[in-house]
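This report looks at how one protein is built, beginning with the whole chain and then turning to a single pair of packed elements. Please keep the view below open while reading.

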Amino acid sequence: AEHVFQMYKYPDADQRLMNLLNPRDVAAYGQRRMRIENKHLKMLAKLLEQGYALPQKRDGTPYVKKDISSPALRLSVQEWDHDKLVVMTTACREKFSQNEELKQQLLVTGDAWLVEHTPNDKQWADGATGEGMNFLGKTLMYLREELRSGETAVLDRAFMKEPMSSFLKY
């Protein structure tokens, strides 16, 4: 699900490159932590040969070899803050609907709060202190309810954007 999630938030030029990568590299590229190696440069060259544009920087200029190897890779992401919850929900819905074992593991959590507990992420996790939004845990709780009821749940954005310390004692 991570590689599908990462691919959705980028423009076509980036998605073409990501389609050539293995899922681990897609996730790393999407999180802006992939080191561009010669094999990736060959992929970019192949895309150019096929007449496709290279991924672009925020200023609209394409990456060149020295830019691509930069650890400060920044790609434009339009409306991502709005779309990311829908994309993750869709990716997780597909993941759990296609794997009966995972579906059952989610259902046996009952009514428990699901929390991604890590200090490394205050958006998808709780930030380890409750300051984080825990988007992943909340998304899984919505999906758990969908699986129980058989009806698509509507994401409550106000609930999703509340820090976990609003709900649980840390």
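The secondary structure of this protein, which is a predicted model, consists of 9 helices and 0 strands. Following the sequence from one end to the other, a reader meets the pattern α-α-α-α-α-α-α-α-α.

Some totals describe the protein as a whole. Of its 170 residues, 36% count as buried, and the surface that the protein exposes comes to about 10200 Å², of which carbon and sulfur atoms supply 50%. Among the contacts in the protein with a separation of 6 or more, 53% are made by residues 24 or more positions apart in the sequence.

One pair of helices can be examined in detail, and the table lists the two partners with the residues that meet.

| Helix | Residue range | Residues that meet the partner |
|---|---|---|
| Helix 2 | residues 12–20 | Arg 16, Leu 17 and Leu 20 |
| Helix 4 | residues 38–49 | Met 43, Leu 44 and Leu 47 |

By class, this contact of helix 2 with helix 4 has 5 nonpolar residues, no polar ones and 1 charged residue. Arg 16 is the charged one, because Arg belongs to the charged class, whereas Leu and Met count as nonpolar.

How are the two helices placed relative to each other? Helix 2 and helix 4 pack at an angle of about 125°, and their axes lie 10 Å apart. Since angles from 65 to 115 degrees count as roughly perpendicular and those over 145 as roughly antiparallel, helix 2 and helix 4 are therefore oblique to each other. The crossing of helix 2 and helix 4 is right-handed.

Note on methods
Residues numbered from 1 in each chain as written. Predicted model: local features only at pLDDT ≥ 70, side-chain atom pairs only at ≥ 80, totals over all residues. Heavy atoms only, no water. Axes fitted to C-alpha atoms, helices over the stretch in contact; angles between N-to-C directions. Helix = DSSP H or I, 4+ residues; strand = E, 2+ residues; numbered from the N terminus. Parallel < 35°, antiparallel > 145°, perpendicular 65-115°, else oblique. Left-handed = near helix turned anticlockwise from the far one by under 90°. Contact = heavy atoms within 4.5 Å. Buried < 20%, exposed > 50% of the residue type's maximum accessible area, 1.4 Å probe, protein only. Areas by Shrake-Rupley, 256 points an atom, 1.4 Å probe, with all protein chains shown as cover.
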